[in-house]
Amino acid sequence: MSNRVERPSGSPRPQAFAASIDPILVIRRHILVLILSVIMGGVLGTGAYFGLRIVYPLYSGEVLFELQPGLQDPTSVGVVDISRDDLIERLARTQAVLMTSREVLERAMENPTIKRNTEWHKKFVGKDDVFDIQEAVDELEEDLSAPVIRGTNLFALRWSTHRKNDVTVVLDAITQSYENKRKALD
């Protein structure tokens, strides 16, 4: 007499592990296809890059700004010392955020030269022939960059578009709007 318990024979025992795949074996079997894929990808990528540069070029522009020391208060004789790199970087990042703020960009888009001298603005003109400033600012917020150049007192405003003349007009309008904002704050 044994105290053996019988298992129900209804379901088979589940497999503990799935079949393993040897990556080296897969590479050896498909080495020719992999090599041809890399070559074809390189040729297609290079061809697309140069083809798009001709058919659909992208023009970029950059405006540089310099941080200069100012007076701490109106009665001081000397200027504030901004020789520390961390202080310069913090001040430049603050100015970069101010320059790309929604308020500054909205003021720039209200500049009549944007409507008069750019093709870029036409994609924000609705059926009623009204320039949608909010939509234009939304796109600018995505496309503009304002990097701080390390080791210098400089920060920049960069933008790219597909029409050469549009770059200078839009960057000029943003620069004027930013400088007006700085004057108002000062």
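Modeller: A salt bridge is a side-chain nitrogen of Lys or Arg within 4 Å of a carboxyl oxygen of Asp or Glu. The structure discussed here is a predicted model.

Biologist: Which residue meets lysine 181 in a salt bridge, and in which helix does that residue lie?

Modeller: The side chain of lysine 181 pairs with that of glutamate 103, at 3.1 Å from N to O. The two are 78 residues apart, so the pair links distant parts of the chain. Lysine 181 belongs to helix 7, whereas glutamate 103 belongs to helix 4.

Biologist: Is glutamate 103 buried, partly exposed or exposed?

Modeller: Residues count as buried under 20% relative accessible area and as exposed over 50%. Glutamate 103 has a relative accessible area of 40%, and therefore it is partly exposed.

Biologist: How far apart in sequence are glutamate 106 and arginine 102?

Modeller: The side chains of glutamate 106 and arginine 102 meet in a salt bridge of 3.5 Å, N to O. Both residues lie in helix 4, and their separation is about one turn of the helix, which is four residues.

Biologist: Which residues are linked in a network of salt bridges?

Modeller: The structure holds nine salt bridges. The pair formed by glutamate 106 and arginine 102 is part of a network whose members are Arg102, Glu106, Asp138 and Glu141.

Biologist: Which helix supplies the largest share of the largest nonpolar core?

Modeller: This core has 31 residues, and those with the most contacts inside it include Met109, Trp120 and Val170. Helix 3, helix 4, helix 6, strand 2 and helix 7 each supply at least two residues. The largest share, seven residues, comes from helix 7.

Biologist: Which residues is methionine 109 in contact with, leaving aside its neighbours within four places in sequence?

Modeller: Methionine 109 is one of the residues with the most contacts inside the largest nonpolar core. Its contacts beyond those neighbours are Ile114, Lys115, Trp120, Phe131, Ile133, Ala136, Val137, Leu140 and Val170.

Biologist: Which element gives the most to the lining of the second largest pocket?

Modeller: About 180 Å³ of space lies in this pocket. Helix 6 and strand 2 are the elements that give two or more residues to its lining. With three residues, the element that gives the most is strand 2.

Biologist: How many residues of that lining are charged?

Modeller: Among the residues of the lining are Glu119, Lys123, Asp143 and Arg163. The lining divides into three nonpolar residues, three polar residues and a charged group of six.

Note on methods. Residues numbered from 1 in each chain as written. Predicted model: local features only at pLDDT ≥ 70, side-chain atom pairs only at ≥ 80, totals over all residues. Heavy atoms only, no water. 1 Å grid on protein atoms, 1.4 Å probe; cavity = no way out; pocket = protein on both sides within 12 Å on 5 of 7 lines; lining within 4 Å. Points joined across faces, edges and corners; volume = space filled by probe spheres on them. Nonpolar A, V, L, I, M, F, W, Y, C, P; charged D, E, K, R; others polar. Core = buried A, V, L, I, M, F, W, Y, C linked by side-chain atoms within 4.5 Å. Buried < 20%, exposed > 50% of the residue type's maximum accessible area, 1.4 Å probe, protein only. Contact = heavy atoms within 4.5 Å.
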